[in-house]
Amino acid sequence: MPRRDDLKKILIIGSGPIVIGQACEFDYSGTQACKALRECGYEVVLVNSNPATIMTDPNTADSTYIEPIHWQYVAKIIENERPDAILPTLGGQTGLNTGMELFRRGILEKYNCEMIGARADVIEKAEDRQLFKEAMQKIGLDVCRSRIVNSMEEARDVLKEIGLPIIIRASFTLGGMGGGIAYNREEFEEKVRKGIELSPINEVLLEESIIGWKEYEMEVMRDKADNVVIICSIENLDPMGVHTGDSITVAPAQTLTDREYQRMRDATIAVMREIGVETGGSNVQFAIHPQTGRMVVVEMNPRVSRSSALASKATGFPIAKIAAKLAVGFTLDEIPNDITRETLACFEPTIDYVVTKVPRWTFEKFPEADPELTVQMKSVGETMAIGRTFKESLQKALRGLEIGHFGLGGGKKDLWESDHRPTIEEIEGKLATPNDMRIFYLRYAMKAGLSNSEIHDLTKIDPWFLENIRDIVRMEDRLRCHERLDEVSDQLLREVKRYGFSDKQIGDWLDISDMEVRRERKRRGILPTFKQVDTCAAEFEAYTPYYYSTYESEDEAPGPRTDGRQRVIILGGGPNRIGQGIEFDYCCCQASFALRELGIESVMVNSNPETVSTDYDTSDLLFFEPLTTEDVLNICDRLQPDGVIVQFGGQTPLNLARGLEQAGVKIIGTSPSMIDAAEDREIFKGILDKLGLHQPPNGMATDAARAVQIASEIGYPVLVRPSFVLGGRAMQICYDERMVREYMTEAVNVSPDRPVLIDKFLEDAVEVDVDAISDGETTLVGGVMEHIEEAGVHSGDSACVLPPYSLPDAIVDEIKTATYALAKELQVRGLMNIQFAVKHQGGEPVVYVLEVNPRASRTSPFVSKATNVPLPKLAAKIMVGKTLKELNFTKEVVPPYVSVKESVFPFTRFAGVDIILGPEMKSTGEVMGIDSTFPAAYARSQLGAGNKLPSSGAVFISLAGRHKEHIISSARRLIDMGFKILATSGTSRVLREAGIEVETVRKLQEGRPNLLDYMANNQVQLVFNTPSGKGARSDEGRIRAAAVMNGIPCVTTLPGCIAVVQALESIQESPEPSVTSLQQWIAQLPASEA
Amino acid sequence: MSQEAKSSACLALADGSVFFGSAFGASGEVTGEVVFNTSMTGYGEILTDPSYCGQIVTMTYPLIGNYGINFEDVESKGPRLRAFVVRELCRAPSNFRSELSLDDYLRKAGIIGLEGIDTRSLVRRLRSQGAVTGVLSTIDLDPQSLIAKAQAAPSIVGQDLVQEVMPAASFSWTEKLGNFATLAPQDSQPTRYHVVAIDYGMKWNILRHLTQVGCRVTVVPGTSTAAEILALQPDGVFLSNGPGDPEPLTYAIRTIRELLGKLPIFGICLGHQLLGLAAGARTYKLKFGHRGANQPVMNLRNSKVEITSQNHGFAIDALTLPANIEVTHRNLNDQTIEGMRLTDQPAFSVQYHPEAAAGPHDSAYLFEEFCSLMDLSAGKSKA
């Protein structure tokens, strides 16, 4: 069956901002779909509010709407664009839910828009737990005993029937939100209530506990001719009870016989057919009882998912791309397998290696959050590693996590070798309750003498995994029988490397550096080989150059180029984390595209399976490897590149730059020494002095006494932080000496080579971000972004506006002039990001330089979208020798419209965590709003971020002392718009004095009804609450946490409150949503030479 | 390299390549055709598939032995292959049905195992130059000596391996499909047919399937004559899989030729090739064969794709088909013939393994089709 000719234009819904449970995997799937459909000749319309994605690049789709993914906006897009079909199965749960909403509201019918990929009734059947259960029973498949409830009363009845422990799952929520396990009645009451609240249809499923069962996933595809193929099986190391997104998972399944595997395959196909997913990819989860083999179907996703992205990277089979083609009528046997060329997509990949995925968590960002892993996902990213054995791939994955572990043991993070060696009780505790560090505790348990069966009893982890991990520990012990490397035989060293041990681990144990191990290893000829990922275990020749390293005898990667063509390696960003995510993947991909345009061979190195950069189509060569000095040098040894780019992948590659350069690798772009200069306090101070630029008064301390001394010299409040961090890790504002002392003694590990930086904190200053590009001769400013939140809120967490909405031109010019000077001084070749603060002193604005980063920034994709200047692409070309003039980019672009970037936070995931913004970055993603005025663009960004701004109702205002005066005019405007104002006594007084009508609401300790009751009763639609700075945080914190849990937008900064009032006015002025494509905005730009 | 110093086994190929690794299972020295299987599960079934007689089998999936061996899942009385090569052997298996480790199983069965070599490199060699003769030894670790032995060994082409693996005498089969073979326990059909299965080295799961669909099965040795078979008065004849080159099996071809037209015939793998030869087609040796559980086959009658289990080194030559053969199935990877039927006689066959074990169950419908053919031929209508 060929492609459908009755369709001409197709709308793809993206997944919006990166949140926990929905990350760049949907940029990967959406980008693939856009490419695939356009290749087939369809016109593609795309909606996604996330500017950091590759898919929202103006040339990925024909029309790109960076608009809120809300049914009303998408309805408007459908009205304007009149697509023949909508494809909702590639944008995660957001895409699917939005598609369903459009269907339920009759929008699709009204505009005669067909839902392709999966029909509405199919999605319903797969997503609705009761319908799904009935469908499974109909085809004779076993499911857990369960009941659906809509009230606490019903829930209590069901509890009597099923018993504890019991699983709670809220319907139609992301990534298992509103779910959990209850072991006692109290937990049961709490979790069910929360689940009912969070579910958009107030529905919760209560389920028989299958905690501890073996857990599997099957990735499956079906075409309209009913051909069904399994792409990949995945086995979870962490058994049932931990969300699969939080589990260490392995492909393919390891501990099933063929009969058991084929039974699961049959069940998967039966599920596909019964649910009726006509075309595309789905994922079916199973649990198998470890002693009886009883198999139950857990759930199915009738769409591509995080696991399908993993399966695509694990096998080389591009699920999303094929899914898009199947949706428009192709059958599997009509689509070629890109990798082998001679075979077709209609087959089941077979692999000859083991893939291990390890999640990455960021509990260190949310110290109040509970690090126990449950059925609700908490990780923010993941890394994947490929090895010839599980042992090798696990150790590669652990070093790919970039959390300071270079494998299962060894190094500074190894508690076994430290003063904090865990006791047997601690070990048993960590094993029994799943947590982010459990994999390392498995080793401690073995070192402490626990047997596999004891560990299995505590963890329910399959003995096969435990035995393999024990093999790793045994090999460690064998190595450590030796005191020195020269005592270690070639045979043993080679075996150690085959078990995935890093040079760093070996060096740590033998008291030498990783580089010494590397030298000796190379001298003995113990070198890694690179093997191809080819979908077919070498049965056919493969053409797609996608490699991983292992210690074998034959190397399949190309050697040094001999034809004179240049070859450049781009280092990616590794697993997503807060502070380093999709923005950097965007930059890496753009760099690769730029090199390709110049005819230079591009080589990508990355370990993040969610990304577009690890799509085998993105670069000429792809190395799926951990981003460590050892792994990157091995690739350089093999490929002999002409240069390595470290500017685009965030902090990860920058951390490697010095080591690579010392090993003789040529780093292109701004030199590592200049990158260091910008980070080095003393050198940087010298540069600023030379250029006559201001910096907040500051100092550096390695002990508490010195820190207090500096703070009192420069005056409180002060901003304290460790040197060399990204994303504001461990940054804090201290208002007095007590806080400084506390920080120095408790919060950070201070040592002479790791000093703490102390800056004067500029209160109430406006922060400004600048992205610039320089070729060494010319420097151009890509964008000046004015932050809405005041300085002190991490730049990654504040909203920003391009062009600036309140700064005088003279100040913008001063900022640009400073930018040119800094670029010149630092000899920037490529991108540079500078953070400025503008503070009024004695009535005059003064510009301060806060930070300079001579590399791609988190805002690079936002600026590129806002100005239509592809900054990362231009930067990559500069690094290989082009000038801005040659690239025809000689004029800065200031758009005649306003773009706002707003951040998105994971607070709903971490119950009870205070949501105030500070110097520590907490957001996971971002959205963009574009409009002709600031208030309208800001309103759009708020909707995109999921902040439901009300059009009527009550606004609760409770501001810190010094903020109260400044809210008066905004409060008056709220009254003019018809809002009612509620406030606590202090704020009430100030507003009443200004003649504003206010209803006073009790504070929490003032009796009831208090504010929490108002919120619970739906009597508050918006909360303005700024932290008072010192003390009294608990009451405020509870108010803010309650707002989050009740889904009430809560603004915690004064400038944010003022901006929201403007946005509310803009919404009142034009309540009807309007939409404009990025391409239409771009057309308004002055004719640019770029 | 120092690798050799600690090695306890060596595999040498006739092309001069040598792989040092560690021995497991039995020790000794064997010669065979070196082939690879790409199935990620099912090593127990593969080991006991008699079609591997005469071959040294390497698994492309690197971790083998993970779930041990259980005797519910085996496909014959014991391994008939020459040797087994893996990247990493699992010595501590984990599965609720596991009865013993792969290492113990092979030791007891007298089969030599080799682990620790770069199996992918071996596979790539086989892929580019075709299946090749090799010698695996735990007693002679001298590469030159082993290469010489491999070069001196006879090719698998032209050898009759069937007589090594077929049963000595007839027997009847009653076991049906076991646990885990189907999604839910299925009511098996009442016994309605008597089928004679000619055993050239048959996999037991074929017999389980025939029994499941309602056949009373008498298994006879591959050398049985048509007269002997007709004397059993069957409703149909089944031609089994088996090892090696079909062309030297002239006795089998003669038997089939004599049975053609007299009884419904269904053949699998070697049985398919023999049916082709009996009908007048020729066979040829594939470069490196099809061995795995992911081979896509197009059913030409309904244009649907089946993912199939395969194990064959020879195939029917499409250019030699007589007019009365209709090709019913084709391999999507290389367009080779995967299934055929005779247009003038009640006989059909497939090159792949609808009984799976190891592999997907997509093609189990063929056993039902055999029943329909017997119904049709007997003038009976299916109940």
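This is a short tour of a predicted model, with a few selections to try in your viewer.

**Stop 1: where the chains meet.** Start by showing chains A and B together. Here 53 residues of chain A are in contact with 49 residues of chain B. On the chain A side, select α9 (258-275), α16 (463-480) and α17 (490-498), the elements that each give two or more residues to the surface touching chain B. Color α9(A) separately, as the largest share of that side, 10 residues, comes from this helix. If you color by residue class, the chain A side shows 20 nonpolar, 15 polar and 18 charged residues.

**Stop 2: an annotated span.** Now select residues 7-137 of chain B. An unreviewed UniProt entry annotates this stretch as "domain: Carbamoyl-phosphate synthase small subunit N-terminal". The end C-alpha atoms of residues 7-137 of chain B lie 11 Å apart, and the span is 18% helix and 34% strand.

**Stop 3: helix α7 of chain B.** Move on to residues 204-212 of chain B, where nine of the nine residues are buried. They run from B:W204 to B:Q212, with B:R208 and B:H209 among them. To see what covers them, add elements of chain B including β10 (171-173), β11 (193-199), β12 (215-221), β13 (236-239), β14 (265-268) and α11 (365-378). Just after the helix, look for B:G214, which takes a positive phi of about 105°.

**Stop 4: helix α10 of chain B.** Finish with residues 270-279 of chain B. Why is this helix largely enclosed by the rest of the structure? Because 10 of its 10 residues are buried, including B:H272 and B:Q273. Just past α10(B), B:G280 has a positive phi of about 110°.

Definitions and conventions: Residues are numbered from 1 along each chain as its sequence is written. Chains are lettered from A and ligands numbered from 1 in the order in which they are written. This is a predicted model: local features need pLDDT of at least 70, side-chain atom pairs count only at pLDDT 80 or more; totals for chains, interfaces and linings use all residues. Two residues are in contact if their C-beta atoms, placed from the backbone, lie within 7 Å. Helices (H or I, at least four residues) and strands (E, at least two) are DSSP runs, numbered from the N terminus. Ala, Val, Leu, Ile, Met, Phe, Trp, Tyr, Cys and Pro count as nonpolar, Asp, Glu, Lys and Arg as charged, and the others, Gly among them, as polar. A residue is buried if 20 or more other C-beta atoms lie within 10 Å of its own, exposed if 12 or fewer, and partly exposed in between; C-beta atoms are placed from the backbone. UniProt positions are given in the numbering used here, feature names are shortened, and annotations may be inferred rather than shown by experiment.
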